[in-house]
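Work through the exercises below with the sequence and the coordinates at hand. Each task is followed by a solution in steps.

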Amino acid sequence: MCSYVIVGNPDSNRIDFFQQALERLEYPPARIAAWADLLEGRTCLPKIVQAGDCVRIESPGRDFDVERLLLAAGAAEAPSGERLSEVEARNLLFERGRIWVPYQWYLGLRLALRQIEDQLAECEPHRLTNGLAEIGVMFDKAQTHARLCAAGVPVPESLPDVRSYGDLTEKLRKAGWGRVFVKLSHGSSASGVVALRTDGRRTQATTTVEMARSNGELRLYNSRRLKVYEDASEIAELIDALCRHGVHVERWLPKAALNGASFDLRVVTIGGRARHTVVRQSRSPMTNLHLLNTRGDVEAVRARMGAAAWAQAMESCERAAKCFPNSLHAGVDLCITPSFRSWAVLEVNAFGDLLPRVLHDGMDTYEAEIRCVEREKPGELCILPN
Amino acid sequence: MAIYEHLQHFDGKPVVDWELGTPLTGPGETAYRISISWEEHEAKSQWTDKFAQFLTEPGVEEVTALIVGPWEGAMESDGSSEAATEAIVAAREQLPNLKAVFVGEILAEEAEISWIQQSDLSALFNAYPLLETFYARGGNGLHLGSPTHDHLKTLVVQSGGLDVEVVREVAGASLSALEHLELWLGTENYGATTTVDDVLPILNDNLFPSLKYLGLCDSEIADAIAAAIATAPILDQLEVLDLSLGTLSDEGALALIAAPSIGKLRSLDIHHHYVSPEVVDQLLALPVSVDATSPESAADEDDRYVAVSE
């Protein structure tokens, strides 16, 4: 039995849930290395990690202090244009839902992950449940898409390198596509996602993004309420603004429906196996859970697909997870088409295992992860050589 | 909100998605849905080819109910129901028992209602004189003509924004057997151009002597329509009045409550509405079965939305 060290935000419910799982399995409580402390140099991992420990990286999200620090860390590398200086980043005032500069945030995250890697290299021998470079890849939708494609995982086709609304409409016309999802390359979950449909004359954008103008400056906010833009110039403004932050554009596959709502699946893989699965139902193009959508019945989906197709779909999720061989767990989002006959992986989430109270083999995701680490022999899967 | 689920039954028969190579078992007791799935669309399949195959199945002459799901391109906003409609018209000899047709049973995840491209469907009425049930979803490009038809009992047009021309076509039709008329008028934002004056002939002129069910649904002029119905002769003949999915508020509800003939209805459906709880109580006190579920709330009149539009 090892002890855990979690890199995370101490007030996060993710850490609470993990600590509860440790307690149920009679492990000692994990020691916490706060993202904020690591980023500020107030602590470092060699002071915390002891020989034989298992290190778990948790999401840095939902903490504005950490967001500011990641933005500040990314300032030096961020290209000019949509950029905050380090001082600006450190002094940002909280605004609910505000989309700041996602690419700079991503650069900051990557830098922080490299720092963690460097620090871990200085630590006593230990295990690590997340591939640090793989977290970086999972926060880059285009890179993730390319990796999945190369591994033969079914994914929606993408339009590479979309730079502007004009560029997008031109590429759509050439591809002969009528609808796509435009996503921030480095946004998490439903942040900055636009479902766009066009027939070449009329265009419609359904999105969680709200635009607001202040002193001639266009600001973007994530909202829980879906908004439908029908005005071409407004849509152009929205897409152009997102493009300045970098977007990943994918074909919008139709989703299957059950019980009066369409759905996709969140499949958590643990140790490379598809495990905890939830059906995310929605009456909108966005199915992410925190948009207040509801959960459906996994067994009903399995029954509609048939055992063989279900097994193949789960195999696709496992194949997606294998693209990230150093990651103990991954949250794979899977779209099933209305015929229930084909499917595609939409996202792979580095911190996609937050599914409280969802059990598989009698265990929640955290217990299953802890048990999985127990079974691993040193040198396999989730262990970084040291 | 929008339509996210397929019909399980159509014209009283269980719906089966017909796929290539599947024999028709119990063709007279099944509603067949023919559509081009995403996978078939990607493989460049055409609705009319699939339908041609369907027509070669033994027993097809017994088929009574047909649903046209997405045709090729429907999910990509490319192409209308025209080719499918022409193919069904041309198949009249092969489908002598066809009594029910639904053109465009397409779900929001495939194409939202305002993105469904319909076409002129009027030839279907002439081609199938025994047709009893006719449904269409999507108002764009839709034409019904003004058919004269002695067997049609049910006519339903679901739309997020219906052009007044379609309402006029219906009002100009001669449908002596029509019992159930349901028009989803929709919102101006998505092409609705019907005013209350345009529906007055339906309410006042005894156009459809057999009419028992009138639905003027999904409408942002629901209050004005309710007020017009309250004093219209049609209330004497209806069993069901359906003003659901729209923006009905206290104004229209109070007009209905005060209507002299309201008690002649068997049921009143206003689900998805903006009526206050006090007035809902008054509606529920009527000697009529009332569905006032799905109450909506709005800060002001401009904040009221029909249920199905985008």
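## Exercise 1: chain A as a whole

In chain A, residues 24 or more positions apart account for 66% of the contacts with a separation of 6 or more. The model is a predicted one.

Task. Describe the secondary structure, extent and burial of chain A, and state how its radius of gyration agrees with that of a compact globule.

Solution. Start with the elements: chain A has 12 helices and 17 strands. Next, take the extent of the C-alpha trace, which spans about 65 × 55 × 35 Å along the principal axes. Then turn to the radius of gyration. A compact globule of 386 residues would have a value near 21 Å, and chain A has 21 Å, so the two agree. Finally, buried residues make up 50% of the 386 residues in chain A.

## Exercise 2: chain B as a whole

Task. Repeat the analysis for chain B and decide how its radius of gyration stands to the globule rule.

Solution. Count the elements first: there are 9 helices and 14 strands in chain B. The radius of gyration is 20 Å, and the globule rule gives 19 Å for 310 residues; the values are close, so chain B is as compact as a globular protein of that length. The box filled by the C-alpha atoms of chain B, taken along the principal axes, is roughly 55 × 40 × 30 Å. Of the 310 residues in chain B, 51% are buried. For contacts in chain B with a separation of 6 or more, 72% join residues 24 or more positions apart.

## Exercise 3: the contact between the chains

Task. State how many residues each chain gives to the contact, and characterise the side of chain A that touches chain B.

Solution. Chain A gives 20 residues and chain B gives 16 residues. On the side of chain A, the elements that give two or more residues are β8 (193–198) and β13 (261–270). Sorted by class, this side has 7 nonpolar, 7 polar and 6 charged residues.

## Exercise 4: two helices of chain B

Task. Are α7(B) and α8(B) roughly parallel or roughly antiparallel to each other?

Solution. Take the geometry first: helix α7 (residues 222–230) of chain B packs against helix α8 (residues 250–257) of chain B at an angle of about 10°, with the axes 8 Å apart. Angles under 35 degrees count as roughly parallel, and α7(B) and α8(B) are therefore roughly parallel to each other. Now list the residues: α7(B) makes the contact through Ala222(B), Asp223(B), Ala226(B), Ala227(B) and Ala230(B), while α8(B) uses Glu251(B), Gly252(B), Ala253(B), Ala255(B) and Leu256(B). By class, the contact has 7 nonpolar, 1 polar and 2 charged residues.

## Exercise 5: the largest nonpolar core

Task. Which residues have the most contacts inside the largest nonpolar core, and what surrounds Val345(A)?

Solution. The core has 212 residues, and those with the most contacts inside it are Val194(A), Cys317(A), Leu334(A), Val345(A) and Val101(B). Helix α5 (residues 102–121) of chain A supplies the largest share of this core, 9 residues. Leaving aside neighbours within four places in sequence, the contacts of Val345(A) include Leu148(A), Val153(A), Cys317(A), Ala320(A) and Leu334(A).

## Exercise 6: positive phi

Task. Where is Asp161(A) found, and is Asp161(A) buried or exposed?

Solution. Phi of Asp161(A) is near 55°, a positive value in a residue other than glycine. Asp161(A) is found in the loop between β6 (158–159) and α8 (165–175) of chain A. Asp161(A) has 12 C-beta neighbours inside 10 Å, so it counts as exposed.

Terms used: Residues are numbered from 1 along each chain as its sequence is written. Chains are lettered from A and ligands numbered from 1 in the order in which they are written. This is a predicted model: local features need pLDDT of at least 70, side-chain atom pairs count only at pLDDT 80 or more; totals for chains, interfaces and linings use all residues. Two residues are in contact if their C-beta atoms, placed from the backbone, lie within 7 Å. Helices (H or I, at least four residues) and strands (E, at least two) are DSSP runs, numbered from the N terminus. Ala, Val, Leu, Ile, Met, Phe, Trp, Tyr, Cys and Pro count as nonpolar, Asp, Glu, Lys and Arg as charged, and the others, Gly among them, as polar. Axes are lines fitted to C-alpha atoms, for helices over the stretch in contact, and angles run from 0 to 180 degrees between N-to-C directions. Angles under 35 degrees count as roughly parallel, over 145 as roughly antiparallel, 65 to 115 as roughly perpendicular and the rest as oblique. A nonpolar core is a set of buried Ala, Val, Leu, Ile, Met, Phe, Trp, Tyr and Cys residues joined through C-beta atoms within 7 Å. A residue is buried if 20 or more other C-beta atoms lie within 10 Å of its own, exposed if 12 or fewer, and partly exposed in between; C-beta atoms are placed from the backbone. The radius of gyration is taken over C-alpha atoms; the globule rule is 2.2 Å times the number of residues to the power 0.38.
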